[in-house]
Amino acid sequence: MVTFLQSLIDGVTIGSAYALLALGFTLIFGVLRRLNLAYGSSILVGAFAGAAVFAQWKAGGWAVAAATLAAAVAAGVYVERLCFWAMRKGAAIASMVSSFAVWMQLEEFLALLFPGRTLSFPPLVERSVFELGPFQFRTEYVAMLAIATLLVVALEWTMRATRFGLAVRAVTEHPEAARAMGVPVARIAFWAFVLASAIGGAAAYLMASAEEQVTLHSGMQLTFTGLIAMMIGGIGSLRGAVAGGLVLGVVETLVQAHFGATAREIAAFGLLFLLLVLRPGGLLAQDFAVREAAALRRV
Amino acid sequence: MLEVSDIVTSYGKIEALKGVSLEVEPGKITCLLGPNGAGKTTLMMTVAGILKPRRGSVRFEGRDLAGQAPRRIVEAGIALVPENRLVFPNMTVAENLAAGAFTRSDGAGIAEDMERMYARFPRLKERSTQAAGTLSGGEQQMLAVARALMVRPKLLLMDEPSVGLAPLVVEEIFRIIRDLNRDGTTIFLVEQNAHMALQVAHHFYLLELGKVTFSGAPGQLAEAEVIQRAYLGSKKTQ
Ligand SMILES: Nc1ncnc2c1ncn2[C@@H]1O[C@H](COP(=O)(O)OP(=O)(O)O)[C@@H](O)[C@H]1O
Ligand SMILES: [Mg+2]
């Protein structure tokens, strides 16, 4: 029982970072209805920039975080201009295919710049373990959970209480109607992309600082984790993205505790498969999420 | 007030509007009737700035608005109640109204107008914190109208507001249209329900296959013929 609860706590913690990844993915998919396969690699550019700043100047946490976010946003804007804005008149598949190409391009770019492929990353807080009753808490994970929670709450507030948030949601639900009301749809989509890249950058920062390293191959993992958490939660739903991230984190951790690290790798896909069979729209299924899920499977 | 002249709007190579000219007089209810696929929605979207015309002009109070961004058109005083309502289903009623006021930045004025909408549509007030997707069809249509009214438009474009609603609700929608008009809003209405439309219209046009084929007051053409042409198109043009 204690092991189970401990896994639950660990799962929620890593799940909070997954939730951020899924939120970024969901924002982009929501306003554009197009998949961004370069998502993971663009935020990985951020994490490598942070690691480079750390390696070069032994800079502290804030400078590394700022570099990570700035580079993730810059890479995100690059992806948006190339794969989405330039392709806006074409079919959705054109954006998906070109974002796949940019994914490869960004990874090659990082591989050339950093032949070592694995860089060390500064921890957010000093590593230590403390106990609370029968449970163990690692400080770096507590910090991750706290910051991720703060960011999720801030994003929720932005979406509920600001004009920008209102516009993003309107564009997500009915772009045509939003446009008729004078919402500048393309501009809102651009800024949603910027916001999503910053959120993704924050997730990458939290995960890299907890592991104290970044490796090149985690780009794919970041993309798939965000994508799967989004699909589990219900495509297009921000709350669903948070739920999807948490569920994925918990399931992965439980599977790892009981069946080992190899099983963890396939847990995400197993969970996704199960959900798509049982509840095609995702956990927080919305009408249009069901439609979008069906459309996605056709792609 | 609104003068559309010789508008051509196409989807790729397909011309949906083939040189449409018509006029909406201030203070009146003008109806546009015609069979499915005639181009009624295309005309509404062109006036609202969502579609750009290939050719022609859309003059509103003397200014040419053709090809302008929707925001400019909203600011000029034209608002659209889109076909199929398109309320934002996962946003609350209040958030839908706020979204309607997106081009405005006067917080106090917006709040005041929201209260005016709640006074006009009490059912929306009761449901102000409910997700719009949970409303009935008639309530969603009211919300779509109220959302468009949030910019205090001089001209309200309505694209098939009665479609898919029960007869009693249709009557209510038409009563709202009359009330709005009486209170000073000019209305340009697209309808499938020719019978109801002819009862409220001061003037109407028939659109068939992208061309205006009739313009006149209700009564100038036998209702049976209007209905025939509004549903099926006239034999001549088909
Ligand atoms: N998005 C679109 N792409 C291509 N053709 C369209 C599109 N929308 C409408 N059309 C075509 O334009 C014509 C007019 O359509 P529409 O304006 O919707 O007619 P109505 O509202 O009178 O039913 C139809 O032939 C329709 O098939
Ligand atoms: Mg139509």
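**View 1. Surroundings of ligand 1 in chain B of the predicted model.** In this predicted model, ligand 1 is surrounded by Y11(B), A16(B), P35(B), N36(B), G37(B), A38(B), G39(B), K40(B), T41(B) and T42(B). Polar contacts from side chains and backbone can be followed here: a nitrogen atom of the ligand is placed 3.5 Å from an N or O atom in the side chain of Y11(B), while an oxygen atom of ligand 1 lies 2.7 Å from a backbone N or O atom of G37(B). For T41(B), a polar side-chain atom is found 2.7 Å from an oxygen atom of ligand 1.

**View 2. Coordination of the magnesium ion, ligand 2, by chain B.** The magnesium ion is coordinated by OG1 of T41(B) and OE of E83(B), at 2.0 to 2.5 Å. These two residues bring together distant parts of the chain, T41(B) belonging to helix α1 of chain B and E83(B) to the loop between β6 (78-81) and α3 (93-100) of chain B, with their positions 42 residues apart. T41(B) has a relative accessibility of 22% and therefore counts as partly exposed, and E83(B), at 27%, likewise counts as partly exposed.

**View 3. The open four-stranded sheet of chain B and the helix packed on it.** The strands of this open sheet are ordered β2-β1-β4-β5 in chain B, and their pairing is antiparallel. Strands β2 (14-24) and β5 (63-64) of chain B stand at the edges, where each has a single partner strand, so that one side of each is left without a neighbour in the sheet. Between β1 (residues 2-11) and β2 of chain B, which run antiparallel, there are eight bridges, and I7(B) has V20(B) in β2(B) as its bridge partner. Helix α1 (residues 40-47) of chain B packs on the sheet and touches β1, β2 and β4 (55-60) of chain B, its direction making about 115° with that of β1(B).

**View 4. Positive phi values at D6(B) and E212(A).** Most residues other than glycine have a negative phi. D6(B), which is not a glycine, nevertheless has a positive phi, near 55°, and its place is in strand β1 of chain B. With a relative accessible area of 33%, D6(B) is partly exposed. In chain A, E212(A) also has a positive phi, near 60°, and this residue lies in the loop between α8 (185-211) and β4 (213-215) of chain A. The relative accessible area of E212(A) is 25%, and the residue is partly exposed.

How values were computed
Residues numbered from 1 in each chain as written. Chains lettered and ligands numbered in written order. Predicted model: local features only at pLDDT ≥ 70, side-chain atom pairs only at ≥ 80, totals over all residues. Heavy atoms only, no water. Pairing = 2+ DSSP bridges. Contact = heavy atoms within 4.5 Å. Axes fitted to C-alpha atoms, helices over the stretch in contact; angles between N-to-C directions. Donors = N, O, S within 2.8 Å, 3.2 Å for Na, K, Ca; no water. Buried < 20%, exposed > 50% of the residue type's maximum accessible area, 1.4 Å probe, protein only. Near = heavy atom within 4 Å. Polar contact = N/O pair within 3.5 Å; in protein donor to acceptor, adjacent residues only side chain to side chain.
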